[in-house]
Amino acid sequence: MTTPNAATASKIARDFVTSVLRTAEHPQLVDAATLCTSEVVTNAHLHTGTERIVIEVSVGRDYVIVRVRDDCTPPNPVPADCYSREGHGRGLRLVGAYADEWGSSETGARSKTVWFKLVENGRGAA
């Protein structure tokens with residue numbers, strides 16, 4: 001799913017992830033997945049110049065992986081904070097506390113993906 005980089009992006013992403021997980025019969029992962037999704041999408045919204053945010057959800061038998069990609073391709077010059085690695089809050093600490101695994105990678109010259117995995121009966125399961 002792709003959403004514009006707007007203040008509503010986090011809610012749109014949470015609703016999407018909730019719908020996918022309930023349909024895939026993973027209701028016990030919804031709370032942790034929506035919290036982590038909200039934090040990662042909010043970071044993309046606040047700390048990148050991306051025009052759009054892409055949310056991908058992969059569902060397995062006993063896990064879910066959510067990937068959030070920004071395409072930081074604003075008009076030149078690229079903002080200095082486009083890929084700021086400085087901590088601005090506790091968002092990624094929350095992701096680390098709830099996700100069974102998480103990480104990030106640059107997925108192109110101006111693109112970054114932050115992902116997290118939640119496992120049934122893992123840290124993020126209710």
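These questions and answers cover one helix pair, one core and one loop residue of a predicted model.

Local features need pLDDT of at least 70, side-chain atom pairs count only at pLDDT 80 or more, and totals for chains, interfaces and linings use all residues. Residues are numbered from 1 along each chain as its sequence is written, and side-chain values use heavy atoms, with hydrogens and water left out.

Trainee: Are α1 and α2 roughly parallel or antiparallel to each other?
Mentor: Helices here are DSSP runs of H or I, at least four residues, and strands are runs of E, at least two, numbered from the N terminus. The α1 and α2 axes, lines fitted to C-alpha atoms over the stretch in contact, lie 9 Å apart at an angle of about 150°. Angles run from 0 to 180 degrees between N-to-C directions, and those over 145 count as roughly antiparallel. The pair is therefore roughly antiparallel.

Trainee: Which element supplies the largest share of the largest nonpolar core?
Mentor: Such a core joins buried (under 20% relative accessible area, 1.4 Å probe, protein chains only) Ala, Val, Leu, Ile, Met, Phe, Trp, Tyr and Cys residues through side-chain atoms within 4.5 Å. This one has 22 residues, and Ile55 and Leu118 have the most contacts inside it. α1, α2, β2, β3 and β5 each supply at least two residues. The largest share, seven residues, comes from α2.

Trainee: Is Thr48 buried or exposed?
Mentor: Thr48 is found in the loop between α2 and β2. The side chain of Thr48 reaches the backbone oxygen of Ala44 at 2.6 Å. The relative accessible area of Thr48 is 10%, so Thr48 is buried.

Terms used. Buried means under 20% relative accessible area, exposed over 50%, partly exposed in between (1.4 Å probe, protein chains only). A polar contact is a pair of N or O atoms within 3.5 Å; within protein, one must be able to donate a hydrogen and the other to accept it, and residues adjacent in sequence count only if both atoms are side-chain atoms. Angles under 35 degrees count as roughly parallel, over 145 as roughly antiparallel, 65 to 115 as roughly perpendicular and the rest as oblique.
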